[in-house]
Amino acid sequence: MIILFILKSNMDISKLHLHWRASKYKAQTYRSYSLALPYRKGGKNRKDIVVKLGRLSDEEADRWRNLLKVIKKPDAFLTTADDIVVTHHYSYLDIAVANALWDEWRLDDIFQHNGKRALGVATIARILTINRCIDPASKSQTPQWFCKTALRWLLDVQSDLINSSRIFRELTTIENNKEAICSHLFTKMITDNPDSLKSVFYDLSSTTFTGSHCVLMKWGHCKEGYFNHVVLALVVNRDGLPFYWEVLSGGTADAKTITWLMERLRERFKVTEATLIFDRGMVSEENLLLLEHAGKKYISAMDKSQVEGISGIDFSMFSHLNITEVDRQAAALSDFKRLNEVTYYREVKVKGERRYILCFNTQLFKDQRQLRMQAIEDFRAYVGEMNEELHTAKNSRQRRATYEKFKKRLVKTNLKGIVDVKLKLTRLKQKKDGEKERIIRSYKGLLKVDETALQKAGRLDGFWMLVTNHSEKKGKGFKVSAQEAIIPYRDKVVIESAFRDIKSFVKVAPVYVWTEAHVKAHYTICVLAHLINRALTLRLHHNEGDATKDIVSHERLYEKLSDCQIDQIEVENVRLSTFNITRITAEQKELLNRIGLNHILSRDVVKKARAS
């Protein structure tokens, strides 16, 4: 009623303020409120009382203050909590972080701008990469995902320009730029941090393939089993950041790829001083000679079956090692030096340019012993299950067929030669309805563990051998110490984690595209997504937080930031639709500070959303 009275008087409400004065009633002092209109007269501040409100509670007074404060804003309106509805959420802060990393790596610079395109190929590559980082979807589903994010405002891109046809058309162009991408990444790494390329890590991994038309795909054995698959070869620097990759035909042997890798590292990247670190699966006499003749330094490991022959050591001397005392026993190993709390090493021999270092890891020893003992216990349980089945046999069993079942399981568990099963003949009485009782022949399996064979099988537990051509002498020792050779090889976990990220979180598989160019472009996008993910993870490790110190991976980072969204809000009583950003939390602020991206917090994206 008061507001209605003021409106009818044609008074400018925005000029009113809440005024009070002290009043007394029955010896009690209280505040008496009114709405006043201030003005100046004769150089003095004066006011006219427009409406007397009388005595107000603190809560009522605050409501009047807030009302008058809102009215002063040009875009103010009156509504109720029930009339305010949030209708849509658009992913923002996690998207903005990945987008900022794309800009920091200046990936747009790689792609040539084409004035005829309504949307540049760099923008398509950016959208596909961010999608792989945050919420991997198929190429045909990416447009729908794009419409649910704030990327349209961050990139100033209209949603109708992102469609599956445009995406598939640009995949070939993206792949045509792959070598330029690799060169760009290498140049940035060597410019920003030259030391990160003193060691480069190389490995391959297979990816299952959906479809039957791609010429790169091949049916055969891979790490996932027998599937249609292709092979990804990846090279990363010491920090695990990728700068070269290649998609190879399924079935490509690891050891056969060193030659072309050498050519690319030497010709395209001029990498001459870096040490190449790779897994034992690529170690062959041919490959090691190739690297040595090319003057390329390398560090790898020998196959376990070669350790005894190369070292010339009788490993039966370590038969006293046992799982409960190994931590103490390792410290007393003859000629071994301690690298850290679990690793010991000794120089074994130098043969030409090749140097061998024998290592012993107590945790590896425990793991291998426990796995073998667990395998025996699992097989013992299997024998028990088979004996129950044999004891309830309805018909006579053949000795050979029965033993083959046990033998087949032994082969699968790699226990052949250590464990065996002896069959004991048993006779069972069986009687079918309406028939006479009869005797059938069955068997009972008796587990036998050959302790001598068990001890022999475990003689190399915990041991592994490093091979390197860092054999130059310096004084009485080597120019590159054993510690300096072992640590980089142990750091090859960076490339193993790269494959885990690409194959799990980035979800490189299954692959639904099938032309060779499209398949290779798909992997290029996945590798770029891993680049962004890895860069964020490195920052989280380098900058510890207080409230967020447990967050050290890009997965957790995205998860925490994902709650900060662009919200579409409708005010139903005034038919208003607007946008705002979810209030950022203290944890999210700390995370942005840890990754050095505080600057991305801007209301510009909200302004663009409102303008749209």
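**Salt bridges, sheets and one threonine**

Colleague: Which residues are separated by about one helical turn in helix H8?

Modeller: Lys188 and Asp192 are, because they stand four residues apart in helix H8, which covers residues 178-192. Please keep in mind that this is a predicted model.

Colleague: How far apart are the closest N and O atoms of Lys188 and Asp192?

Modeller: They are 2.6 Å apart, and the two residues form a salt bridge.

Colleague: Is Asp192 buried or exposed?

Modeller: Asp192 is exposed, because its relative accessible area is 53%, which is over the 50% cut-off.

Colleague: How many salt bridges does the count come to?

Modeller: The count comes to 27 salt bridges. Another of them joins Asp327 to Lys366, with 2.8 Å between the closest N and O atoms.

Colleague: Where in the chain do Asp327 and Lys366 lie?

Modeller: Asp327 belongs to helix H12 (residues 326-330) and Lys366 to helix H13 (residues 362-391). With their positions 39 residues apart, this pair links distant parts of the chain.

Colleague: What is the relative accessible area of Asp327, and does Lys366 count as buried or exposed?

Modeller: Asp327 has a relative accessible area of 41% and is therefore partly exposed. Lys366 counts as buried, because its relative accessibility is 18% and the cut-off for buried is under 20%.

Colleague: Let us stay with helix H13. What is the salt bridge partner of Arg372?

Modeller: The side chain of Arg372 meets that of Asp461 in a salt bridge, at 2.6 Å from N to O. Arg372 lies in helix H13, while Asp461 lies in the loop between helix H15 (451-457) and strand E16 (463-468), so the salt bridge ties together parts that are 89 residues apart in sequence. Both Arg372 and Asp461 are buried.

Colleague: Which residues do salt bridges with shared partners join into one network here?

Modeller: The network consists of Lys304, Arg369, Arg372 and Asp461.

Colleague: Now the sheets. What is the strand order of the open sheet that contains E19?

Modeller: That sheet has three strands in the order E4-E19-E20, and the pairing is antiparallel. Strand E4 (84-91) and strand E20 (576-581) each have a single partner strand, so one side of each is left without a neighbour in the sheet. From one strand to the next, the twist averages 25°.

Colleague: How many bridges pair E4 with E19?

Modeller: Seven bridges pair E4 with strand E19 (residues 565-571), in the antiparallel sense. Within this pairing, His88 stands opposite Gln568 in E19.

Colleague: Which helix packs on the sheet?

Modeller: Helix H21 (residues 604-611) does, and it touches E19 and E20. The direction of H21 makes about 165° with that of E20.

Colleague: And the other pairing, E19 with E20: how many bridges?

Modeller: There are six bridges between E19 and E20, again in the antiparallel sense. Gln568 has Phe579 of E20 opposite it. Four residues lie between the two strands of this hairpin, where Arg575 takes a positive phi near 55°. E19 is also mostly covered, with six of its seven residues buried.

Colleague: What is the order of the open sheet with E1 in it?

Modeller: The order is E1-E2-E3, with antiparallel pairing. Its edges are strand E1 (17-25) and strand E3 (44-55); each has a single partner strand, so each has one side without a neighbour in the sheet. The twist averages 40° from one strand to the next. E1 and strand E2 (residues 28-41) are joined by nine bridges, and Ser23 has Tyr30 in E2 as its bridge partner.

Colleague: A change of topic: how many residues of helix H4 are buried?

Modeller: In H4, 14 of its 14 residues are buried. Helix H4 (residues 121-134) reaches 20 Å from its first C-alpha to its last, close to the 20 Å expected.

Colleague: Finally, where is the place of Thr426?

Modeller: Thr426 is in strand E14 (residues 419-430). With a relative accessible area of 22%, Thr426 is partly exposed.

Colleague: Which residues is Thr426 in contact with, leaving aside its neighbours within four places in sequence?

Modeller: They are Ile440, Arg441, Ser442, Tyr443 and Lys444. Thr426 and Arg441 are 15 residues apart along the chain, and their C-alpha atoms are separated by 6.1 Å. The side chain of Thr426 also reaches the backbone nitrogen of Tyr443, at 3.5 Å.

How values were computed:
Residues numbered from 1 in each chain as written. Predicted model: local features only at pLDDT ≥ 70, side-chain atom pairs only at ≥ 80, totals over all residues. Heavy atoms only, no water. Salt bridge = Lys/Arg side-chain N within 4 Å of Asp/Glu carboxyl O. Buried < 20%, exposed > 50% of the residue type's maximum accessible area, 1.4 Å probe, protein only. Pairing = 2+ DSSP bridges. Axes fitted to C-alpha atoms, helices over the stretch in contact; angles between N-to-C directions. Contact = heavy atoms within 4.5 Å. Expected span 1.5 Å × (residues − 1). Polar contact = N/O pair within 3.5 Å; in protein donor to acceptor, adjacent residues only side chain to side chain.
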